[in-house]
Amino acid sequence: MRAPMRPRLALLVLMAAAFAGACFGLAGAAGTLPYDRPGPRPDVFVRDSDDEDSASPQQVHVSLVGRDKMRISWITRGSAPPTVDYGKSPGTSQNSATGSTTTYKYALYKSGQIHEAVIGPLEPNTVYYYRCSSDSAREFSFKTPPTQFPIKFAVAGDLGQTGWTKTTLQHIGQSTYDVLLLPGDLSYADFYQPRWDSFGRLVEPLASQRPWMVTQGNHEIEKIPLIHPSPFTSYNARWRMPFEESGSDSNLYYSFDVAGVHVVMLGSYTDFDPSSAQYKWLQADLGKVDRTRTPWIAVLIHAPWYNSNTAHQGEEESIGMKASMEGLLYQGRVDVVFAGHVHAYERFTRVYNGSANDCGPVHITIGDGGNREGLAKRYINPAPPISVFREASFGHGQLEVVNATHALWTWHRNDDDEDMEADSTWWTSLSSNPACKV
């Protein structure tokens, strides 16, 4: 159970909240237009179960590692072995893998035991059953993604933990997706670390069954001068992604291949100028893509490069990163760029350097997962010609890549708890467009 917040911890949280207001861009900052955020549904806090012992696995989630492996991550309150037993039939475990255990401290908070183990090789498009820490009470299962088309991605940003989040997760769970992509702002813990634990429990029913591939947003920074000067401590400890496999030196940016799609996760809140490690890594990563093997390229960032909402205008993470990296994405013939940060949905046409361009990527803002800050309902009018569809509603997206040349994108709003398809479009891959050959 969650204990009442102690006075010293309460003071730290208040200090952190004040610092967050300065960091996260209040209205009136340079280049920022004011906007209203209507109140969302109440927060959700998923408490620890009193029925489970200290070695019982919780907050279980899985992520892709290479072509045929999966990382299993989970937390226990007390000491437990970092082992995963797995097989293709329920109740039987033909295989076992042992991983590692870490913990972290954040001000007065100390995490539980954070375990991870990489299992495989695994067969594609196959259901596996697994147990964590040799716990006989809880058996989980996941399905590996296919190695060939078609493949379906669920895409949702700025999830948070509210009633709207629960609806978004319910709709995603009904979508028969293969891999979830999350462009930053996961738990909205905002310095209060028990919210990270709550988020892990909230998403476990989905994140333990399909790989969740994430990148960070501003709410993952959690840096407090003097008190906790290191950024991304909680995010890096809890959501380890396969950065080493793609030659990256940081969990904040990486790439992976799945079923003919090359997915690149970038960090909006780490250095991105041309002299940075991230820029040089991205340049090398895109230069190695074989479009005969992965004819599609998708990129995820947090702060959008194109945005006609009044929210988050003029921010360096958008303007500066676009100035540094847009040329790399254009030369690499990236098909689509997903962003979060703005709590609304917007789809742009193929665009480069501010203008429609048939060989540029489609830009989509999908920061509408359900966060507690509410929706960004004010748009700049008239809409720019490159903005095709925009709406301030909670929801999620689905990208079904049918084959090497065609993909279907749909956006599903959450209004009145119903999953309503509100926007859809077919795309043709740039690799199949003779006019876009590099």
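Visitor: Which residues of H2 are buried?

Guide: The buried residues of H2 are Gly163, Trp164, Thr165, Thr167, Thr168, Leu169, His171 and Ile172. Please keep in mind that you are looking at a predicted model.

Visitor: What makes H2 "largely enclosed" by the rest of the structure?

Guide: Count along the helix: of its 11 residues, 8 are buried. A residue earns the word "buried" when its relative accessible area is under 20%. With 8 of 11 passing that test, we can therefore call H2 largely enclosed.

Visitor: Which elements do the buried residues of H2 pack against?

Guide: They pack against strands E11, E12 (179–183), E13 (212–215) and E22, and against helix H3.

Visitor: Why are H2 and H3 called roughly parallel?

Guide: Helix H2 covers residues 163–173 and helix H3 covers residues 194–207, and they pack at an angle of about 10°. Angles under 35 degrees count as roughly parallel, so H2 and H3 fit that description. Their axes are 10 Å apart.

Visitor: Which residues of H2 and H3 make the contact?

Guide: From H2 come Thr165, Lys166, Leu169, Ile172 and Gly173, while H3 brings Leu202, Val203 and Leu206. Sorted by class, this contact has 5 nonpolar, 2 polar and 1 charged residues.

Visitor: What is found at the start of H2?

Guide: There, a side-chain oxygen of Thr162 comes to within 3.1 Å of the backbone nitrogen of Trp164. A polar contact needs its N or O atoms within 3.5 Å, and this pair, at 3.1 Å or less, is inside that limit.

Visitor: Let us move to strand E22. How do you know that E22 is mostly covered?

Guide: E22 spans residues 395–401, and 6 of its 7 residues are buried.

Visitor: How many bridges join E11 to E22?

Guide: There are 5 bridges between E22 and strand E11 (residues 151–155), and the two run antiparallel. Two strands pair if there are at least two bridges between them, and 5 bridges satisfy that. You can find Ala154 opposite Gln398 in E22.

Visitor: What do E22 and E23 form?

Guide: They form a hairpin, with 4 residues between the two strands. Strand E23 takes in residues 406–413, and its antiparallel pairing with E22 runs over 7 bridges. Here Gly397 stands opposite Trp411 in E23.

Visitor: Now for another sheet. What makes E1 and E5 edge strands?

Guide: The sheet is open and has 4 strands in the order E1-E2-E8-E5, with antiparallel pairing. E1 and strand E5 (100–102) each pair on one side only, and that is what makes them the edges. Neighbouring strands of the sheet are turned against each other by 20° on average, ignoring direction.

Visitor: How many bridges join E1 to E2?

Guide: 6 bridges link E1 with strand E2 (residues 69–76), and these strands run antiparallel. Val65 stands opposite Lys69 in E2. Helix H3 packs on this sheet, where it touches E1 and E2, and its direction makes about 60° with that of E1. Roughly parallel would need an angle under 35 degrees and roughly perpendicular one of 65 to 115, so about 60° counts as oblique.

Visitor: Why is Gln59 called buried?

Guide: Gln59 lies in strand E1 (residues 58–65). Its relative accessible area is 5%, and the limit for "buried" is under 20%, so Gln59 is buried.

Visitor: Which side chains share a polar contact with that of Gln59?

Guide: One contact, of 2.9 Å, joins it to the side chain of Gln58, and another, of 3.1 Å, joins it to the side chain of Asp197. In addition, the backbone nitrogen of Gln59 lies 2.9 Å from a polar atom in the side chain of Glu204.

Visitor: Does Glu204 count as buried or exposed?

Guide: Glu204, found in helix H3, has 9% relative accessibility and therefore counts as buried. Beyond its neighbours within four places in sequence, Glu204 is in contact with Gln58, Gln59, Val60, Arg138 and Phe140.

Visitor: And what makes Lys105 exposed?

Guide: Lys105 sits in strand E6 (residues 105–106). Its relative accessible area is 59%; exposed means over 50%, so Lys105 qualifies. Not counting residues up to four places away in sequence, Lys105 touches Lys110, His228 and Thr233. The C-alpha atoms of Lys105 and His228 are separated by 9.5 Å, although these residues are 123 apart along the chain.

Notes: Residues numbered from 1 in each chain as written. Predicted model: local features only at pLDDT ≥ 70, side-chain atom pairs only at ≥ 80, totals over all residues. Heavy atoms only, no water. Axes fitted to C-alpha atoms, helices over the stretch in contact; angles between N-to-C directions. Parallel < 35°, antiparallel > 145°, perpendicular 65-115°, else oblique. Contact = heavy atoms within 4.5 Å. Nonpolar A, V, L, I, M, F, W, Y, C, P; charged D, E, K, R; others polar. Buried < 20%, exposed > 50% of the residue type's maximum accessible area, 1.4 Å probe, protein only. Polar contact = N/O pair within 3.5 Å; in protein donor to acceptor, adjacent residues only side chain to side chain.
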